[in-house]
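Student: Before I accept any label attached to this protein, I would like to see each one argued from a value and a criterion. Could we go through them in turn?

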Amino acid sequence: MDYVDLPTAKTARGVRLVVLDGVPSPWSQAAKGLLQLGDIPFVCVRSSARRPEAWRWTGCDNAPVAVYDDEPPRTGWAEILALAQRLAPSHTFAPREATDRAWMWGLCHEMMSERGLVWCRRLDIVHRSLVETDTALPRAAAQYLGAKYGYRGADDMVHVRARMREQLELLASQLERRRSGDWTVFADGVTAVDIYLATALETFLPHAREDYSNVHPVVHRAYVDGDAALNRWLREQTPLVEHRDHVFAHVLKLPISL
Ligand SMILES: N[C@@H](CCC(=O)N[C@@H](CS)C(=O)NCC(=O)O)C(=O)O
């Protein structure tokens, strides 16, 4: 996977993926993982609120965004996954059996969509940074993310955190019940849910600091910081942790790429 500057990306063909600069955001990391999984050639362009030139190109003020040839930019995780499916039809990004497939899309939605697991985790980090601890994100960054992604204060956080716990329990129980006979969630091999799940868990139980050599220590610490009881429970969820390690061994690779 190559990182290119914006003028190079604009004149290239194929998939250009605008990704978040400096932060291993689960949306951007998963989009790269899906394209790698399908052996789809692509280049990445870094972007952020401090480097918004690529956002002006895509017309979307966040990342990832996938631009394929002259087609309209794809700005949502589900659209990006559908593009990967189209460009690598021989790879099974979603189970072949319809009930499993519907279930997989549902699990992905519970992680990636608005108020999905990683959205809730972002609000959790914002709340921790603004109200509960001085070791998370700098105040200005937390205020920016909070205003942009629907932070509504302490009362709402009770619901957000309950939902986050419920979503983690759902994913853990899905792994317990899996029938694949292998480490993947479904019997069809590595599907999109495996990639999303590993990148989501990384925001709660990140790999060691050495594996985050490209990442600002503040971001790693924000991922490490969390509710003590939830983190204790998560560390006991061996199938979740082992699943994440398999995905990194087979697809995503360490150190974290940015
Ligand atoms: N619509 C996107 C949402 C992605 C998203 O929430 N991106 C955030 C990740 S933290 C982002 O780019 N944040 C940086 C910013 O808003 O400045 C998707 O579904 O892929």
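Student: How far apart do the C-alpha centres of domain 1 and domain 2 lie?

Tutor: In this predicted model, the C-alpha centres of the two domains lie 21 Å apart. The domain assignment gives residues 2-87 as domain 1 and residues 98-252 as domain 2.

Student: How do you know that residues of domain 1 are in contact with residues of domain 2?

Tutor: The criterion is heavy atoms within 4.5 Å, and by it 20 residues of domain 1 are in contact with 26 residues of domain 2. The area buried between domain 1 and domain 2 comes to about 1,800 Å², with carbon and sulfur atoms giving 72% of that area. On the side of domain 1, Pro-26, Trp-27 and Trp-77 supply 36% of the area buried against domain 2, which is more than any other three residues.

Student: What makes the pair Asp-61 and Lys-148 a salt bridge?

Tutor: The rule asks for a side-chain nitrogen of Lys or Arg within 4 Å of a carboxyl oxygen of Asp or Glu. The side chains of Asp-61 and Lys-148 meet at 3.7 Å, N to O, and since 3.7 Å is within 4 Å, the pair is therefore called a salt bridge. Between domain 1 and domain 2 the count is 1 salt bridge, and across their interface 4 residue pairs are found in polar contact.

Student: Which helices each supply at least two residues of the side of domain 1 that touches domain 2?

Tutor: Helix 2 (26-37) and helix 4 (77-87) each do so, and helix 2 gives the most, with 8 residues. By residue class, the side of domain 1 that touches domain 2 divides into 12 nonpolar, 7 polar and 1 charged.

Student: Which residues are the closest of those that surround the ligand?

Tutor: Of the 15 residues that surround the ligand, the closest are Ala-63, Arg-122, Tyr-144, Lys-148 and Tyr-149.

Student: What makes the approach of Lys-148 to an oxygen atom of the ligand a polar contact?

Tutor: The limit for a pair of N or O atoms is 3.5 Å. A polar side-chain atom of Lys-148 lies 2.7 Å from a ligand oxygen, so the pair falls within that limit and counts as a polar contact. An N or O atom in the side chain of Arg-122 is 2.9 Å from an oxygen atom of the ligand, whereas Ala-63 uses a backbone N or O atom, 2.8 Å from a nitrogen atom of the ligand.

Student: What is omega for the peptide bond from Ala-63 to Pro-64, and where is Pro-64 placed?

Tutor: Omega is near 5 degrees and the bond is cis, with Pro-64 in the loop between helix 3 (53-58) and strand 4 (65-68). A cis peptide bond also joins Leu-254 and Pro-255, with omega about -5 degrees, and Pro-255 is placed in the segment after helix 12 (238-252).

Student: How do you know that Arg-86 and Glu-71 meet in a salt bridge, and what does the pair tie together?

Tutor: Their side chains meet at 2.7 Å, N to O, which is within the 4 Å that the rule allows, so the label holds. Arg-86 lies in helix 4 and Glu-71 in the loop between strand 4 and helix 4, so the pair ties together parts that are 15 residues apart in sequence.

Terms used. Residues numbered from 1 in each chain as written. Predicted model: local features only at pLDDT ≥ 70, side-chain atom pairs only at ≥ 80, totals over all residues. Heavy atoms only, no water. Domains from an automatic or database assignment. Buried area = accessible area lost by both parts, 1.4 Å probe. Polar contact = N/O pair within 3.5 Å; in protein donor to acceptor, adjacent residues only side chain to side chain. Helix = DSSP H or I, 4+ residues; strand = E, 2+ residues; numbered from the N terminus. Nonpolar A, V, L, I, M, F, W, Y, C, P; charged D, E, K, R; others polar. Near = heavy atom within 4 Å.
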